[in-house]
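Q: Please go through the aromatic contacts of the model shown below, and give the reasoning behind each label.

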Amino acid sequence: MTVLSQPLAAPAVETDQPFTADPGDYVEGVMDTTAHADLSLVDGQGRAVRRLLTRSVGRDSFRFVAEPGVTHFRIRAEGAATVTITRRVGAGQQIAPPAVPLSPTIAAMAAALERGEGTDGFWQRMAEAGTPLVEPLKPGTVILTFLQRGAQRNVRLLGGPTADHEMLERLGTSDIWYKSFTVPDGTRLAYKLAPDVPDFPGTCRECRMAILSQAQADPLNRHPWPDDAPDRFSRWSGVDLPAAPPMPGVGVPPAPVPGTVAVHRFASARLGNTRDVAIYTPPGFDPLTRDTVLLVLFDGDDYRTQVPTPAILDHLTGTGRLPPVVAVFVGNVDATSRARELPANPDFAAMLADELVPWVAAKTGLSPRPERTVLGGSSYGGLAAVTAALEYPQRFGNALSISGSFWWHPAGTPPERANIVAAWAAERERQPVRFFLSAGLFENGTPDDIGIRDANRHLRDVLAAKGYDVTHREYAAGHDYYSWRGVLGDGLLALFGRPSPPRSFSLTLPPAAGRQ
């Protein structure tokens with residue numbers, strides 16, 4: 001620590017005081033004064049090169065990086081002034097020491113590399129155990145570490161516990177790239193790894209497209225999804241931690257007698273377009289059954305493939321957990337029309353109420369009742385389900401939203417009304433609509449933009465305050481169909497689930513502990 005002090009009398013007196021710092025040194029300090037004072041840096045010829053403080057009184061702090069030839073403070077003060085250098089960090093000391101890896105396994109591997117050991121044994125262990133690496137941390141939490149071998153320049157994580165396309169770190173100069181997260185032990189998600197992503201100047205969207213060009217399944221992951229993906233670029237890698245909740249109707253044997261799916265072409269005069277709409281009817285369907293549920297799902301192709309909805313319904317209705325369900329899978333004309341139609345589009349909502357439902361009734365013989373009709377979807381589809389149900393409660397008495405994009409608002413919306421769907425719900429009279437809202441814990445936003453998780457919480461609170469029947473659930477998951485497979489069944493059971501049949505009394509021993 002260096003102290004430079006010089007009492008100066010009024011009027012303002014100017015004096016130069018030398019200091020010692022090498023070029024590149026980081027310098028911090030304070031100036032204490034009894035009256036106004038200026039502090040500058042000057043070079044060896046007395047020329048001022050930087051003003052650090054202006055009309056400072058009392059104690060004020062400053063900081064700078066030393067430049068070649070800049071050797072003096074210039075103090076211009078109306079009273080006593082003291083300049084104290086409190087910290088000086090040389091250029092060679094400014095590289096932060098490597099952080100201790102969160103993962104004990106990676107920390108041990110870092111120490112092994114320091115001893116001159118190789119990585120072949122590490123990779124053999126990872127191949128035998130499968131990736132990502134899971135290590136206990138504390139009750140209810142684990143360390144989840146994503147790994148990639150042998151990239152040259154970079155590795156990006158698509159999916160996972162954040163939406164930020166995280167960069168994996170390289171362990172020294174080895175072939176180990178890694179990224180660790182602390183997550184709940186009930187996590188379920190899908191991810192891809194993108195090694196050696198092209199790096200070029202561009203917009204955020206262009207950079208994301210570059211990540212997608214390399215994103216592929218993790219070769220050491222034991223849970224590829226979907227099974228019938230044509231190549232590694234089309235395939236995701238799944239994570240199902242031990243405490244992940246069961247997914248109703250997923251991963252069960254096929255129903256002995258499955259329901260029937262028929263694909264039709266549906267033309268809308270309101271929208272002026274034509275699309276595929278598939279209709280699922282349960283085994284032994286009787287349109288006169290009073291408690292039949294009509295389920296209308298957006299992104300219909302995805303909800304027949306990535307989410308195996310027909311098989312889920314076969315199981316849940318076949319086991320008596322749900323009443324009969326007729327499912328309508330509304331396809332998208334194309335990606336552009338989806339982005340236009342699903343986000344709270346009044347014409348699209350009118351098409352559903354005035355064209356689609358009567359068309360389905362004519363095709364099936366069903367007489368839909370609003371209290372037994374539900375709109376469902378994920379992302380923009382969840383947004384469409386809620387807004388259309390609020391607009392047409394006489395048609396749709398239920399909305400099932402999975403990771404609904406309630407951050408959305410029309411262009412030009414004032415910041416104070418960014419949660420526009422919640423605002424609409426608050427301003428209207430309560431309608432006879434029930435809601436199932438869900439979101440992933442990892443669907444958080446940024447300091448400048450509310451995320452799906454928090455927007456769903458806000459909408460939940462507003463709907464509950466208005467007296468709506470709202471079921472809200474959060475999952476240790478991200479924004480992917482891998483986890484949404486289970487959420488669909490949860491939502492249907494929350495809205496229409498039948499009570500479990502009574503169990504007869506017996507004296508048999510309880511089953512061994514474990515998941516059912």
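Q: Why is Phe19 called buried?
A: In this predicted model, Phe19 has a relative accessible area of 9%, and because buried means under 20%, Phe19 counts as buried.

Q: What makes Phe73 count as buried?
A: The relative accessibility of Phe73 is 0%, which is under the 20% cut-off, so Phe73 counts as buried.

Q: How many aromatic pairs does the structure hold, and why is the pair of Phe19 and Phe73 called tilted?
A: The structure holds 16 aromatic pairs. One of them joins Phe19 and Phe73, with 4.7 Å centre to centre and 40° between the planes; because the centres lie within 6.5 Å the rings pair, and because the angle is neither under 30 degrees nor over 60 the pair is tilted.

Q: Why does this pair tie together parts that are apart in sequence?
A: Phe19 lies in the loop between strand E2 (13–18) and strand E3 (26–43), whereas Phe73 lies in strand E5 (residues 70–77), so the parts tied together are 54 residues apart in sequence. Phe19 and Phe73 also belong to one aromatic cluster with Phe62 and Phe64.

Q: What makes the pair of Phe122 and Trp123 edge-to-face?
A: The planes of Phe122 and Trp123 are 75° apart, with 5.1 Å centre to centre; since an angle over 60 degrees counts as edge-to-face, the pair takes that label. Phe122 and Trp123 are buried.

Q: How do you know that the distance of Arg434 from the ring centre of Phe496 meets the cut-off for a charge over a ring?
A: The charged end of Arg434 is 5.3 Å from the centre of the Phe496 ring, and the cut-off is within 6 Å. Arg485 lies over the face of Tyr482, at 4.3 Å from the ring centre.

Note on methods. Residues are numbered from 1 along each chain as its sequence is written. This is a predicted model: local features need pLDDT of at least 70, side-chain atom pairs count only at pLDDT 80 or more; totals for chains, interfaces and linings use all residues. Side-chain values use heavy atoms; hydrogens and water are left out. Rings of Phe, Tyr and Trp (its six-membered ring) pair if their centres lie within 6.5 Å; planes under 30 degrees apart count as stacked, over 60 as edge-to-face and the rest as tilted. Helices (H or I, at least four residues) and strands (E, at least two) are DSSP runs, numbered from the N terminus. Buried means under 20% relative accessible area, exposed over 50%, partly exposed in between (1.4 Å probe, protein chains only). A charge sits over a ring if NZ of Lys or CZ of Arg is within 6 Å of the ring centre and within 35 degrees of the ring normal.
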